[in-house]
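User: Hi! I'd like to learn how to read pockets, aromatic contacts and backbone features in a protein model. Could you take me through them?

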Amino acid sequence: MTGRDKEKRRATRLIHPTDYASGDFSSLAVPTYRGSTTVFPSMSAVDRPTEDQYRYGIYGTPTARELALRIAAIEGADQTILAPSGLAAVSLALLAFCKSGGHLLVPASAYGPTRELADGLLKDLGIETEIYDPMAGSEIANLIREDTQLIWCESPGSITMEFQDVAAICAAAKARKVPVAIDNTYGAGVLFDAFAAGVDVSVQALTKYQGGHSDLLMGSVSTQGEDASRRVKRAADQLGMSVSPDDCSLVLRGLKTFDLRLRHLGESARTVADWLATQDAVSAVLHPAHRDCPGHDLWKRDWSGSASLFSIIFGRWNRDQVVRFVEALELFKIGYSWGGANSLVMTYHGLRRPTPETGPLLVRLNVGLEDPQDLIDDLEQAMAKAATR
Ligand SMILES: Cc1ncc(COP(=O)(O)O)c(C=O)c1O
C-alpha cells in the first residue's frame, strides 16, 4: 500500500483494496471468476478490442470460457456457446436459424418443451413448424421446401427413444443447403459423433451428464462452420445468454469424473434393461441394445455406447398398475431429468409422441450410480406390488 492509499478513508478502501493475498498458489481447480463489469486497461482497449478481449460479464468470464472450450474440444466443435439451461440452448439454436416466414422441421419424438417452443413463440414469430417421422432418414428430402431454414433432430427421441439416421438426414439437407441441428444430450457429445454425421449444430443439456449431480442447470450450443458459429454467437450476444461462473465451476468439476460416470451408468443401465427384458409384465424395452428400440440397427452402426436412460412399456397392465408400480419404487425417485447419481422414474399421461397408444403404459427410467442389483431388487418388489390388485 502506498502512502497516498493509506490516506484514503475506510469506505473508499473497502471498495478499492490494494492488498491481495495472491502469492505463489497453484491449484488443480479452475478458478471461479465472478464479474459483471470487466475493467479495461485503457480507452484504446475499449475502442479497439482484440478478438478475445473480455468486455463485460455477459459475454463470458474466464471460468465460462474454459468450460466452453472444453465442451468444444470434447465434441470436436469450432465454437461452443453456453446457455443457462438445456432448454435455453435449444431456444438459442432455433432462434439463431429461424426467421419470420420460414419453415422448420422437428421430429415427432422431440423433447416436449422444444415442441412447445415451436408451437408457441416460434409460431408467434411467423415460423411454421412441420412435425416429421423421426425414422424418416433420407426421406426427409420430400419435406424440405424452398423456405426450410432448419432441420431439427433429437437422437434418441425423448422418452420414446427413437434413434435417427442423422447421417442420411444431413446428406439430404446438404443437397438443399439446409442446416441441421441436433439435441445431442443423450450422447453427451461422446457416444455419438454428431459432427461426423454432418450436423452444423449440436445442442446439449449439460444439466445431465456433465453436471452429473442434479444440482445445476446448463446448456451448450456447439457449432462447426463459420456461418453456423456466427449465427449462434450473434443470437447469444443479442439475447444476453449468460451462465453463472459458480455453475460453470461445478460443471468443470463434473467433467473430471464425466467419462467414468458415463461408462459406469451405461453399464448399469444395460444390466437393468437386460433384466427387465426377462420379465413377463414388460412388453417392450426401449433401450438401444434391445431390438424393441426404434433405430436399434442405427445405434449399432453409429454409436459407441449407451447412456443411463431408457423406457419400458407394461403393455398388459392398465394405467393404475403403472402408477402403483412407480409409487412403490423406493430407490428410483419420481422426478424429471436424468444423468445424475440418483436413479429416477417418470411416467406420462398425454404423451405427444409416435406411440400414443402405449404412452400411458410407458415408464421412463434413469439408472443412477446405485448398485444395479439393488435397483433390480427395487424394480422386482414394485412390480410384485403393482401386479396384485
Ligand atoms: C433431450 C433433452 N433436451 C433438453 C433438455 C432441457 O434441459 P434442461 O433441463 O437443462 O433445460 C432436456 C431436459 O430434460 C432433455 O431431456
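User: Let me start with the second largest pocket: where does it lie with respect to domain 1 (72–249) and domain 2 (252–387)?

Analyst: Happy to help, and please keep in mind that this is a predicted model. As a general idea, rolling a probe the size of a water molecule over the atoms shows where empty space is left. Here, domain 1 and domain 2 both give residues to the lining of the second largest pocket, so the pocket lies between them. Its space comes to about 670 Å³. The lining has 35 residues, and those closest to the pocket centre are Y111, G112, P113, S158 and R364.

User: Which helix gives the most to the lining of the second largest pocket?

Analyst: That is helix 6, with four residues. Helix 5 (86–97), helix 6 (112–124) and strand 6 (201–205) each supply at least two. If you sort the lining by class, you get 16 nonpolar, 11 polar and eight charged residues.

User: And how much space lies in the largest pocket?

Analyst: The largest pocket holds about 880 Å³. Its lining is made of 30 residues, with Y59, R65, T80, I81 and K233 nearest the centre. Helix 4 (62–75), strand 1 (79–83) and helix 9 (226–239) each bring at least two lining residues, and helix 4 gives the most, with five. By class, the lining splits into 14 nonpolar, eight polar and eight charged residues.

User: Y59 and R65 caught my eye. What lies over the face of Y59?

Analyst: For this kind of contact, look for a charged side-chain end placed over a ring. R55 lies over the face of Y59, 4.2 Å from the ring centre. R65 has its charged end over the ring of Y54, at 3.8 Å from the centre of that ring.

User: Now for ring-to-ring contacts. How many aromatic pairs are there in the whole structure?

Analyst: A search of the whole structure turns up nine. To read one, check the distance between the ring centres and then the angle between the planes; planes over 60 degrees apart count as edge-to-face. Y209 and W338 have ring centres 5.6 Å apart and planes at 70°, so this pair is edge-to-face.

User: Where in the chain are Y209 and W338?

Analyst: They link distant parts of the chain, 129 residues apart. Y209 is in the loop between strand 6 and strand 7 (219–223), while W338 is in the loop between strand 10 (333–334) and strand 11 (344–347). Both Y209 and W338 are buried. They also belong to one aromatic cluster, together with F163, Y186, F192 and W303.

User: Let's turn to the backbone. Which residues does a cis peptide bond join?

Analyst: For this, read omega. The cis bond joins S155 and P156, with omega about 0°. P156 is in the loop between strand 4 (148–154) and helix 7 (166–175).

User: What about phi: what value does S214 have?

Analyst: Phi of S214 is near 55°, which is positive in a residue other than glycine. S214 is in the loop between strand 6 and strand 7. S337 is another non-glycine residue with a positive phi, near 80°, and S337 belongs to the loop between strand 10 and strand 11.

User: Why is S214 called exposed and S337 partly exposed?

Analyst: Compare each relative accessible area with the cut-offs: over 50% is exposed, and between 20% and 50% is partly exposed. S214 has 56%, so S214 is exposed. S337 has 23%, so S337 is partly exposed.

Technical notes: Residues numbered from 1 in each chain as written. Heavy atoms only, no water. 1 Å grid on protein atoms, 1.4 Å probe; cavity = no way out; pocket = protein on both sides within 12 Å on 5 of 7 lines; lining within 4 Å. Points joined across faces, edges and corners; volume = space filled by probe spheres on them. Nonpolar A, V, L, I, M, F, W, Y, C, P; charged D, E, K, R; others polar. Domains from an automatic or database assignment. Phe/Tyr/Trp six-rings, centres within 6.5 Å; stacked < 30°, edge-to-face > 60°. Buried < 20%, exposed > 50% of the residue type's maximum accessible area, 1.4 Å probe, protein only. Lys NZ or Arg CZ within 6 Å of the ring centre and 35° of its normal.
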